[in-house]
Each structure stands twice: as C-alpha cells, then as structure tokens.
Amino acid sequence: MKYVLMFIETEEFAHQLEAMGELEREAAYAAVGQWFADHADKITHHAHLAPVHTATTVRLDQGEPVVTDGPFVEGKEVVSGFAELEVADLDEALKVARSWPACPIVEIRPLS
C-alpha cells in the first residue's frame with residue numbers, strides 16, 4: 001500500500017532550527033539523511049519543498065478563482081516536504097513516521 005508522509009513545520013520548530021549553531025544544525029540534517037537511508041527500501045519518492053514565501057495559493061471556493069502569494073491564510077504550520085512510501089499497511093507507515101527526526105508533525109495519507 002502507498003502512503004505519503006507530509007513533514008509539517010511549526011513556527012516554533014523553524015525558530016529552533018534558526019537558533020541552532022552550525023554544528024547542531026549539521027547534526028540535525030545528518031539525522032534526517034540517516035532517516036532517509038534507514039528507510040530507503042520503503043521510500044519510493046521524496047522532496048523538500050521550497051520555502052513557504054515562494055508559495056502561491058489559488059482559492060476556488062469564492063466564485064472567480066483568487067490567486068494570492070504565500071500559503072494558506074493564517075497558516076502557522078507549513079508542509080516543508082514529503083516522502084512517498086510503499087509499505088504493507090498503516091501500522092508500518094506509522095512506525096516509519098514515528099521515527100522521523102525533524103519537523104514535529106507528520107501527516108500520513110494513503111494514495112488512492
């Protein structure tokens with residue numbers, strides 16, 4: 001079964017990352033790299049998204065489509081990347097998600 005793990009940053013997490021020293025930040029990035037290596041047999045695709053300020057949003061629920069710069073209105077959490085997994089079931093996807101070493105929120109969705 002295929003699932004997508006969406007890695008969601010909070011404002012607090014972004015501030016913590018910014019406040020890290022160079023060595024601490026390198027260690028955090030190394031932990032993420034190791035996580036991808038540890039789960040390479042299950043990950044079929046992954047990507048890091050460009051910063052949130054590069055987002056463009058199209059709202060289709062108010063008559064004419066409205067295009068705005070930036071992510072969703074009043075968003076305090078942003079999707080910073082994703083990984084597509086091929087695993088047996090949700091339990092296995094949860095096991096992989098629980099070991100994620102970075103952003104404090106991981107949303108899991110099955111691909112349909």
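**Exercise 1. Aromatic pairs around W35**

A search of the whole structure finds six aromatic pairs, where rings of Phe, Tyr and Trp (its six-membered ring) pair if their centres lie within 6.5 Å, and planes under 30 degrees apart count as stacked, over 60 as edge-to-face and the rest as tilted. The structure is a predicted model, in which local features need pLDDT of at least 70 and side-chain atom pairs count only at pLDDT 80 or more, while totals for chains, interfaces and linings use all residues. Residues are numbered from 1 along each chain as its sequence is written, and side-chain values use heavy atoms, with hydrogens and water left out.

Task: Determine which geometry W35 and F36 adopt as an aromatic pair, and to which cluster W35 belongs.

Solution.
- Step 1. The ring centres of W35 and F36 are 5.0 Å apart with 90° between the planes, and the pair is therefore edge-to-face.
- Step 2. W35 also pairs with W100, at 4.8 Å between centres and with planes at 85°, so this pair is edge-to-face as well.
- Step 3. W35 lies in helix α2 and W100 in the loop between α3 and β6 (105–110), 65 residues apart, so that the pair links distant parts of the chain; helices (H or I, at least four residues) and strands (E, at least two) are DSSP runs, numbered from the N terminus.
- Step 4. One aromatic cluster is formed by F7, W35, F36 and W100.

**Exercise 2. The two sides of helix α2**

Task: Work out how the buried residues of α2 are arranged when seen down the axis of the helix, and what covers them.

Solution.
- Step 1. Helix α2 (residues 22–38) has 17 residues and reaches 24 Å from its first C-alpha to its last, close to the 24 Å expected, the expected span being 1.5 Å times one less than the number of residues.
- Step 2. V32, W35 and F36 are the buried residues of α2, where buried means under 20% relative accessible area, exposed over 50% and partly exposed in between (1.4 Å probe, protein chains only).
- Step 3. The relative accessible area is 3% for W35 and 19% for F36.
- Step 4. Seen down the axis of α2, its buried residues fall within an arc of 100° (taken from the directions from the helix axis to the C-beta atoms), so they line one face of the helix.
- Step 5. E22 and L23, on the other side of α2, are exposed.
- Step 6. The cover over the buried residues includes β1 (2–10), β2 (43–48), β5 (77–86) and α3 (90–98).

**Exercise 3. The sheet and the position of L90**

Task: Establish which strands stand at the edges of the open sheet, and which residues L90 is in contact with, leaving aside its neighbours within four places in sequence.

Solution.
- Step 1. Four strands form the open sheet in the order β2-β5-β1-β6, with antiparallel pairing; two strands pair if DSSP finds at least two bridges between them.
- Step 2. β2 and β6 stand at the edges with a single partner strand each, so one side of each is left without a neighbour in the sheet.
- Step 3. Strand β1 is joined to β5 by nine bridges and to β6 by six, and eight of the nine residues of β1 are buried.
- Step 4. Y3 stands opposite L85 in β5 and opposite P110 in β6.
- Step 5. L90, in helix α3, counts as partly exposed at 41% relative accessibility.
- Step 6. With those sequence neighbours left aside, L90 is in contact (heavy atoms within 4.5 Å) with Y3 and I108.
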